[in-house]
Amino acid sequence: MDGFALFLDVLCLLVGHGVMHLLFIGRLTGRKPRGRHFAVYFLLLGVIQLVSDRLALGGNLPVGAGVLALCALSRYGMGNQRSVSWLAAVLSYYVTQLSFGIVNSVEAAVFPRFIGSPLLYPFLLAAQLLFFALCAGCFLAVLKLLTWTEDSQTPYIGLLLLPGLFFFAAELYILETAYSFFAPTVSLEEVGRHSALLLLQVMGLAALLCTLYAYRHLCLGFQAQAAVQSLTQAAQAQKVYVAEARTRYEQTRSFRHDIKNHLSVLEGLLSGGRVEEGRAYLQKLEAASAALSFSCRTGNPVVDILLGEKLGLARAEGIEAEVSLVLPRSWGIDDFDLCVIFANALDNAVDACRSGGPGRSIRVTGRRQGDFYMLAFENTCAEGPLPPPGVGLANIRSAAEKYRGAVLTEKAGGRFSLSVLLDAAPRTDGRED
């Protein structure tokens, strides 16, 4: 019996804890565990179990050490964020301890009937298999509710740590106080007590899943709010474009209406030999025609107007602005998404320049790289760490991902750079990816 119990303990330690924990964290965070991660975790679990047996450490100290080991491996071995590593470790151990408690509730009520029976070993093995099945089912349920993306849900992941710790502590308390020994006989009172404990643990699991469900919808609400803000900003930019286009249309219409008269005046001055007056009049005509053109010429009228508006405000605040950008004439990027990218990037750049010192500047460049186009926004900023990413950067990232692109931010000293890579290949199928 001792050898069989040892076999079950080792099987539970390696499969129930080692393999399932790392697979769960890998699926949860999107970082697939490597063979070295399994080897290190198995070694840590073995050391914890050995020390616990040698020193006769009962209670929850070995479990707490396991949580710390798994959190450290997730944080430093797999490169996950600190809050994510803590929550993943707590949930991993909570699920395994909960599954163990549920199986114990069944075992405590049934185990005495099999003492001395040849069916004892098959019963214990079936209980172990039930434990694995419960672990797998609970892990899948948690993954279905908690899969996230770093830009949308991770900033709020700390909200789940306290409820997770509460459920975990409650389960450890139940295991410590209710399953320290099995009664030698089965009585109606014992069956009722263990049935109540079973119901309590199932309700604890249901409460955790409800918490994760509420958290998921909270994150979806934040995403919807960010999407509404993005659409509102893009719609505002489109309104500015329409108003500017209408104004320029009226100015151009007026200029074209008067051009014949201007040419007649110019012809009269030149015919009368009044060359200097004609030259001065021609310069006035050039100034009038220049007022009808855009201050920035990128090849895209929407971007030209947006750059003129945003950089005009920046120059009014003493911020130097430079644009070296020519956009492709034919590509698959919608003007609506360009408004989102340029409006958010320039608003953030102007805000950063306001907090910086002298020599404030903004530089916008672009270059083609095969089928991709790289937009770069550089600006001065204050020294010190960057503030947490806001809605503007999330909107830019969403627009870039729409075109199989990516966003990269970098800060060096008093300068900040934002690079946006977009798939600029023309789309001929009429669909957006």
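**Group meeting: one cavity and one helix pair**

The largest cavity has a volume of about 30 Å³. Keep in mind that this is a predicted model. How many cavities of 30 Å³ or more does the count give? One.

Now the lining. The residues around the largest cavity are Leu 87, Leu 91, Leu 160, Pro 163, Gly 164, Leu 208, Thr 211 and Leu 212. Three elements each give two or more residues to that lining: helix H4 (82-114), helix H6 (161-178) and helix H7 (188-271). Which of the elements gives the most? H7, with three residues. By character, the lining splits into six nonpolar and two polar residues, with no charged ones.

Next, the helix pair. Two packed helices are described by an angle and a distance, both taken between their axes. Here the pair is H2, residues 35-54, and H3, residues 61-77. They pack at an angle of about 160°, and their axes are 10 Å apart. Angles over 145 degrees count as roughly antiparallel, so H2 is roughly antiparallel to H3. The crossing of H2 past H3 is right-handed.

Which residues meet? On the H2 side, we have His 37, Val 40, Tyr 41, Leu 44, Ile 48 and Ser 52. Facing them from H3 are Pro 62, Ala 65, Gly 66, Ala 69, Leu 70, Leu 73 and Gly 77. The contact residues of H2 with H3 comprise nine nonpolar and four polar. None is charged.

To recap: no charged residue lines the largest cavity, and no charged residue sits in the contact of H2 with H3.

Conventions. Residues numbered from 1 in each chain as written. Predicted model: local features only at pLDDT ≥ 70, side-chain atom pairs only at ≥ 80, totals over all residues. Heavy atoms only, no water. Axes fitted to C-alpha atoms, helices over the stretch in contact; angles between N-to-C directions. Helix = DSSP H or I, 4+ residues; strand = E, 2+ residues; numbered from the N terminus. Parallel < 35°, antiparallel > 145°, perpendicular 65-115°, else oblique. Left-handed = near helix turned anticlockwise from the far one by under 90°. Contact = heavy atoms within 4.5 Å. Nonpolar A, V, L, I, M, F, W, Y, C, P; charged D, E, K, R; others polar. 1 Å grid on protein atoms, 1.4 Å probe; cavity = no way out; pocket = protein on both sides within 12 Å on 5 of 7 lines; lining within 4 Å. Points joined across faces, edges and corners; volume = space filled by probe spheres on them.
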